[in-house]
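The exercises below are to be worked with the sequence and the structure open side by side. Try each task before reading the solution that follows it.

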Amino acid sequence: MIRITVGIRLLCMLILLANITGFAFAQEPVKCGPEDEKDKITKPKGKQSLPAPASGKAMVVVMYQGIIGKSYQVKLSVDGQWRAVLKKNQYSFFEIEPGVRRMCWGGRVSKRDDNFLLLTARAGQTYYILGTLTKGISEVDPAEGVKIMKKYDYVTFEVQR
Amino acid sequence: MRASVTVIFNFAFAVGMFAQTTPQTGPQPQTAKTWSNVMYLGGAADVRGKSLDWGSKLTISPDRITFQGKGKNSVRFEIPTVSIRVLDYSGHKHANDGAVTAGLLTGGLAGVLLGAQAKSVDHYAILEYELADGTPSAVMFRLHKNNHQEIVDALRAVIPNK
């Protein structure tokens, strides 16, 4: 009986050790937004036109190309902060500072390396990011981005406290 | 008993941390060398798209780094090594989904539990550099388990010491 107890304790220690050394090694290449943040999507009434970025800023348009079936929330973070929350066939836009921006595609998506994207943003430019459930996020050609955006619904989001 | 377990625990933890932070050094490459099994995850200024095909190629020479994606509409860019400021390498350890599935198929619940303990590591390198006009830029690569150490060593060898 004592041997079994010692064995179980040793096993627990080994698992704990493996996990702790794992955490020491684990490091996301791009920081996503806070995991515990709950967000509510809101859909403004009427058509929303895409403005030009303010002076000294760049604009990001993010679109979520969904597939058939139930739609779950997906999110795009920039430099560790969630900046857009979408369901399928929705889009949103926001301004960013020029320079290197680190993006992460999160929420109800599988964890894959194509959920990360680096973007060197230039002031005055608009960047179109297309996200999917299975292929992560990627920047698309502006002409293609505008075409997709026109078919989708504009949404914003608010953080639920 | 408790004291000895704590000592073993601390030693193992320290070894793990040391192994992670010890700088790797390699010989200065005199000629260009090319690797396949590299993915590009964005960042190059004015270059649109990513390259998630393992068939893409990364060439490191003393004066420049060249990435050539595979397939049509493939990504291609060059970075002069003199413009590189920082190399940020990280290993991202995560659960191995394939091992969990294999465990479920072969060993049921016990197999799932064992499979959940199996981890695999993704290797990422971010190169921060300056464009010709002085603005900052960066590119991110995913490296393969079989080439990440060689590539990181080669990059460290060509990056100018600041």
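**Exercise 1.** In which sense do β5(A) and β10(A) pair, and over how many bridges?

*Solution.* In this predicted model, β5(A) and β10(A) run parallel to one another and are joined by two bridges. One residue pair to look for is A:Gln90 with A:Asp153, the latter being the bridge partner in β10(A). The next step is to place this pair in its sheet, which is open, has five strands in the order β9-β8-β2-β5-β10 of chain A, and shows mixed pairing. At its edges stand β9 (136–140) and β10 (153–154) of chain A, each of which pairs on one side only.

**Exercise 2.** Decide whether A:Phe94 is buried, partly exposed or exposed, and list its contacts beyond the neighbours within four places in sequence.

*Solution.* Begin with the location, since A:Phe94 belongs to strand β5 (residues 90–96) of chain A. Then consider the count: a buried residue needs 20 or more other C-beta atoms within 10 Å, and an exposed one has 12 or fewer. Because A:Phe94 has 15 C-beta neighbours inside 10 Å, A:Phe94 is classed as partly exposed. Once neighbours within four places in sequence are set aside, the contacts of A:Phe94 are A:Val60, A:Arg83 and A:Ala84. As a distance check, the C-alpha atoms of A:Phe94 and A:Tyr154 lie 12 Å apart, with the two positions 60 residues apart along the chain.

**Exercise 3.** Work out the strand order of the four-strand open sheet of chain A, and say which strands stand at the edges.

*Solution.* The order is β4-β3-β6-β7 in chain A, and the pairing is antiparallel. It follows that β4 (81–86) and β7 (116–121) of chain A are the edge strands, because each has a single partner strand and so keeps one side without a neighbour in the sheet. From one strand to the next, the twist averages 25°. Within this sheet, strand β3 (residues 74–78) and strand β6 (residues 99–107) of chain A are antiparallel and joined by five bridges, and A:Lys75 has A:Gly106 as its bridge partner in β6(A).

**Exercise 4.** Which residues touch the most other members of the largest nonpolar core?

*Solution.* The core holds 55 residues, and those touching the most other members are A:Ile129, B:Ala125 and B:Phe141. Strand β2 (residues 58–65) of chain A contributes the most to this core, namely six residues. To follow one of these residues further, note that B:Ala125, apart from neighbours within four places in sequence, contacts B:Leu87, B:Tyr89, B:Phe141, B:Leu143, B:Ile151, B:Val152 and B:Leu155.

Definitions and conventions:
Residues numbered from 1 in each chain as written. Chains lettered and ligands numbered in written order. Predicted model: local features only at pLDDT ≥ 70, side-chain atom pairs only at ≥ 80, totals over all residues. Core = buried A, V, L, I, M, F, W, Y, C linked by C-beta atoms within 7 Å. Contact = placed C-beta atoms within 7 Å. Pairing = 2+ DSSP bridges. Axes fitted to C-alpha atoms, helices over the stretch in contact; angles between N-to-C directions.
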